Amino acid sequence: MSKFGLEVTLREITKENWRDIVRLKVAPYQEQFVTSNAMSIVEAHFNPEVAWFRAIYAGDVPVGFLMLEDDVAQQEYFLWRFMIGEQYQGRGYGRKALELFFAHVKTRPRANAVETSCVPAEGGPGPFYEKMGFVYTGKEENGELVMRREL
């Protein structure tokens, strides 16, 4: 449950709901921090061997999107994409969605941690990720700071 009492779930993206997911947008100042859901879904379809992606729902309302780079061969797990639509932020949906995401990653072979990366800039997701247990590793990838969370 979120702090608004709605159950948060991760659901497959289908031909029935993909348009709703593509319509979700972050606040304009956040656009520099996350790729559009449309582009993420395209990337997922062209990387089916590692992409696990889901819509985030609060009750029956789509509120966000996340994607895991699920590299079983390397036993590496990476929060590739994560977003909550602007009008749904601050309601606890992102926190609950990441808890569900962590639970999923724990089911993967030899998964003991998950990494992500973020742009180090004002208004970026770094402080939220820190609240969710991620810590900076000191590594940098493509101008983004790498963070890790033990599972």
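Visitor: Which helix does Phe46 lie in?
Guide: Keep in mind that this is a predicted model. The helix in question runs over residues 37-46, with Phe46 in it. That makes it helix H2.

Visitor: Is Phe46 buried or exposed?
Guide: The relative accessible area of Phe46 comes to 67%. Exposed means over 50%, so with 67% Phe46 counts as exposed.

Visitor: Which residues make the nonpolar surface patch of about 330 Å²?
Guide: We've just met one of them, Phe46, which is exposed. Two others go with it in the patch of about 330 Å². The full set is Met39, Val42 and Phe46.

Visitor: OK, on to pockets. What volume does the largest pocket have?
Guide: This is a computed value, and it belongs to the largest pocket of the predicted model. The volume is about 1,100 Å³.

Visitor: Which residues that line the largest pocket are the closest to its centre?
Guide: The lining is made of 49 residues. Ranked by how close they lie to the centre, five of them come out as the closest. They are Leu79, Phe82, Thr116, Pro125 and Tyr129.

Visitor: Which element gives the most to the lining of the largest pocket?
Guide: Several elements give two or more residues, including strand S3 (61-71), helix H3 (93-106), strand S5 (113-118) and helix H4 (126-131). Strand S4 (76-84) is also one of these elements. With nine residues, the element that gives the most is S4.

Visitor: How many residues of the lining of the largest pocket are charged?
Guide: Split the lining by residue class and you get 22 nonpolar and 13 polar residues. What remains is the charged class, and that one has 14.

Visitor: Where is Pro125 found, and is it buried or partly exposed?
Guide: Pro125 is in the loop between S5 and H4, and it's among the residues closest to the pocket centre. Its relative accessibility is 22%. Buried would need under 20%, so at 22% Pro125 counts as partly exposed.

Visitor: What about contacts between charges: how many salt bridges does the structure hold?
Guide: Side chains of opposite charge can pair when their charged atoms come close. In this structure, the number of such salt bridges is eight.

Visitor: Which residue forms a salt bridge with Asp70?
Guide: The closest N and O atoms of this pair are 2.9 Å apart. Asp70 sits in strand S3 and its partner in the loop between H3 and S5, 38 residues apart, so to speak a link between distant parts of the chain. Asp70 counts as buried at 10% relative accessibility, whereas the partner is partly exposed at 25%. That partner is Arg108.

Visitor: How far apart are the closest N and O atoms of Lys139 and Glu115?
Guide: Lys139 and Glu115 form a salt bridge. Lys139 lies in strand S6 and Glu115 in strand S5, so the pair ties together parts that are 24 residues apart in sequence. The closest N and O atoms are separated by 3.7 Å.

Visitor: And which side chain meets Glu115 in a salt bridge of 3.4 Å, N to O?
Guide: This partner lies in strand S7, so its pairing with Glu115 in strand S5 ties together parts 33 residues apart in sequence. Its relative accessibility is 29%, so it counts as partly exposed. Salt bridges with shared partners join Glu115, Lys139, Arg148 and Glu150 into one network. The 3.4 Å partner is Arg148.

Visitor: Is Glu115 itself buried or exposed?
Guide: Glu115 has a relative accessibility of 17%. Buried means under 20%, so at 17% Glu115 counts as buried.

Visitor: Any odd backbone angles? What is the phi of Gln75?
Guide: Most residues other than glycine have a negative phi. Gln75 lies in the loop between S3 and S4, and its phi is positive although it is not a glycine. The value is about 55°.

Visitor: What phi does Asn142 have?
Guide: Asn142 lies in the loop between S6 and S7. It is exposed, with a relative accessible area of 79%. Asn142 isn't a glycine, yet its phi is positive, at about 50°.

Visitor: One last check: how far apart in space are Glu31 and Gly124?
Guide: Glu31 has its place in the loop between helix H1 (18-23) and H2. In sequence, Glu31 and Gly124 are 93 residues apart. From C-alpha to C-alpha, the distance in space is 9.8 Å.

Technical notes:
Residues are numbered from 1 along each chain as its sequence is written. This is a predicted model: local features need pLDDT of at least 70, side-chain atom pairs count only at pLDDT 80 or more; totals for chains, interfaces and linings use all residues. Side-chain values use heavy atoms; hydrogens and water are left out. On a 1 Å grid over the protein atoms alone, a cavity is a set of points where a 1.4 Å probe fits but cannot get out, and a pocket is an open set with protein on both sides within 12 Å along at least five of seven lines; lining residues have an atom within 4 Å of a point. Grid points are joined across faces, edges and corners, and a volume is the space filled by probe spheres set on the points. Helices (H or I, at least four residues) and strands (E, at least two) are DSSP runs, numbered from the N terminus. Ala, Val, Leu, Ile, Met, Phe, Trp, Tyr, Cys and Pro count as nonpolar, Asp, Glu, Lys and Arg as charged, and the others, Gly among them, as polar. Patches are made of residues with over 30% relative accessible area and no salt bridge: like charges are joined within 9 Å, nonpolar side chains (Val, Leu, Ile, Met, Phe, Trp, Tyr) within 5 Å. Accessible areas come from the Shrake-Rupley method with a 1.4 Å probe; for residues, only the protein chains shown count as cover. A salt bridge is a side-chain nitrogen of Lys or Arg within 4 Å of a carboxyl oxygen of Asp or Glu. Buried means under 20% relative accessible area, exposed over 50%, partly exposed in between (1.4 Å probe, protein chains only).
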